[in-house]
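Work through the exercises below with the sequence and the structure side by side. Try each task before reading its solution.

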Amino acid sequence: MRRLPRNAGRALIWTYRHTLSPLVGYNCRHLPTCSVYADEAIERFGLWGGGWMTLARLLRCQPWGTSGIDNVPLTRPPGARWYLPWRFARWRGVNAP
């Protein structure tokens, strides 16, 4: 029961990847793609934390934004709490050297 929101979020991402994504085409500036990043972030940190990570990633994926390798962190970012959700996200840069 605790994983229900997480699985619902992942189901929405799966639906996007198999319906709209083929129509839009592969245009992501990052590796892995934004939908793969979102799926992994939600699986690892839940719908709340992973959702904030996904929001930050989508805001960075724009013509003047970042590009390159940008993986989901393996551990919870320092200072990230459920009541401080913006601390889950990386708002600038990517994590590759």
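**Exercise 1: Placing Val 94**

Val 94 sits in the segment after strand E2 (68-69). The model is a predicted one.

Task: Find which residues Val 94 touches, leaving out those up to four places away in sequence.

Solution.
- Step 1. Start with the surface. Val 94 has 28% relative accessibility, so Val 94 counts as partly exposed.
- Step 2. List the contacts. Val 94 touches His 30, Arg 60, Thr 66, Ser 67, Ile 69 and Asp 70.
- Step 3. Check a residue elsewhere in the chain. Leu 47 is 47 residues from Val 94 along the chain, and their C-alpha atoms are separated by 21 Å.

**Exercise 2: A salt bridge beside Val 94**

Task: Two of the contacts of Val 94 are Arg 60 and Asp 70. State how their side chains meet, and whether the two residues are buried or exposed.

Solution.
- Step 1. The side chains of Arg 60 and Asp 70 form a salt bridge, at 2.9 Å from N to O.
- Step 2. Arg 60 belongs to helix H3 and Asp 70 to the segment after E2, so this pair ties together parts 10 residues apart in sequence.
- Step 3. Arg 60 and Asp 70 are both buried.

**Exercise 3: Two helices side by side**

Task: Work out how H1 and H3 are oriented to each other.

Solution.
- Step 1. Take the axes. Those of H1 and H3 come within 9 Å and cross at roughly 175°.
- Step 2. Apply the cut-off. Angles over 145 degrees count as roughly antiparallel. H1 and H3 are therefore roughly antiparallel to each other.
- Step 3. Name the residues in contact. H1 contributes Pro 5, Arg 6, Gly 9, Arg 10, Ile 13, Tyr 16 and Arg 17. The residues from H3 include Val 36, Asp 39, Ile 42, Glu 43 and Phe 45.
- Step 4. Sort the contact by class. It has eight nonpolar, three polar and six charged residues.

**Exercise 4: Charged pairs**

Task: How many salt bridges does a search of the whole structure find? Then compare the pair Arg 10 and Glu 43 with the pair Glu 40 and Arg 44.

Solution.
- Step 1. The search finds eight salt bridges.
- Step 2. Take Arg 10 and Glu 43. Their side chains meet in a salt bridge, 2.7 Å from N to O. Arg 10 is in helix H1 (residues 4-19) and Glu 43 in helix H3, so the pair ties together parts that are 33 residues apart in sequence.
- Step 3. Check their surface. Arg 10 is partly exposed at 28% relative accessible area, and Glu 43 is partly exposed at 29%.
- Step 4. Take Glu 40 and Arg 44. Their salt bridge is 2.8 Å from N to O. Both lie in helix H3, four residues apart, which is about one turn of the helix.
- Step 5. Check their surface too. Glu 40 is partly exposed at 29%, and Arg 44 is partly exposed at 32%.
- Step 6. Look for a network. Salt bridges link Arg 3, Arg 10, Arg 17, Asp 39 and Glu 43.

**Exercise 5: Two residues of helix H3**

Task: Asp 39 and Leu 59 are both to be classed as buried, partly exposed or exposed. Give the class of each.

Solution.
- Step 1. Asp 39 is found in helix H3. Its relative accessible area is 16%, and the cut-off for buried is under 20%. Asp 39 is therefore buried.
- Step 2. Leaving aside neighbours within four places in sequence, Asp 39 is in contact with Arg 10, Ile 13 and Arg 17.
- Step 3. Leu 59 also lies in helix H3. With a relative accessible area of 51%, Leu 59 is exposed.
- Step 4. Set Leu 59 against Ala 38. They are 21 residues apart in sequence and 13 Å apart in space, C-alpha to C-alpha.

**Exercise 6: Cysteines and a proline**

Task: How many disulfides does the structure hold, and why are Cys 28 and Cys 61 not bonded to Cys 34?

Solution.
- Step 1. The structure holds zero disulfides.
- Step 2. A disulfide needs sulfur atoms within 2.5 Å. The sulfur of Cys 28 has its closest cysteine sulfur in Cys 34, at 3.4 Å, too far for a bond.
- Step 3. For Cys 61 the closest cysteine sulfur is also in Cys 34, at 3.8 Å, again too far for a bond.

Task: What is the form of the peptide bond from Leu 31 to Pro 32, and where is Pro 32 found?

Solution.
- Step 1. The bond is cis, with omega near -5°.
- Step 2. Pro 32 is in the loop between strand E1 (30-31) and helix H3 (34-60).

How values were computed. Residues are numbered from 1 along each chain as its sequence is written. This is a predicted model: local features need pLDDT of at least 70, side-chain atom pairs count only at pLDDT 80 or more; totals for chains, interfaces and linings use all residues. Side-chain values use heavy atoms; hydrogens and water are left out. Buried means under 20% relative accessible area, exposed over 50%, partly exposed in between (1.4 Å probe, protein chains only). Contact means heavy atoms within 4.5 Å. A salt bridge is a side-chain nitrogen of Lys or Arg within 4 Å of a carboxyl oxygen of Asp or Glu. Axes are lines fitted to C-alpha atoms, for helices over the stretch in contact, and angles run from 0 to 180 degrees between N-to-C directions. Angles under 35 degrees count as roughly parallel, over 145 as roughly antiparallel, 65 to 115 as roughly perpendicular and the rest as oblique. Ala, Val, Leu, Ile, Met, Phe, Trp, Tyr, Cys and Pro count as nonpolar, Asp, Glu, Lys and Arg as charged, and the others, Gly among them, as polar.
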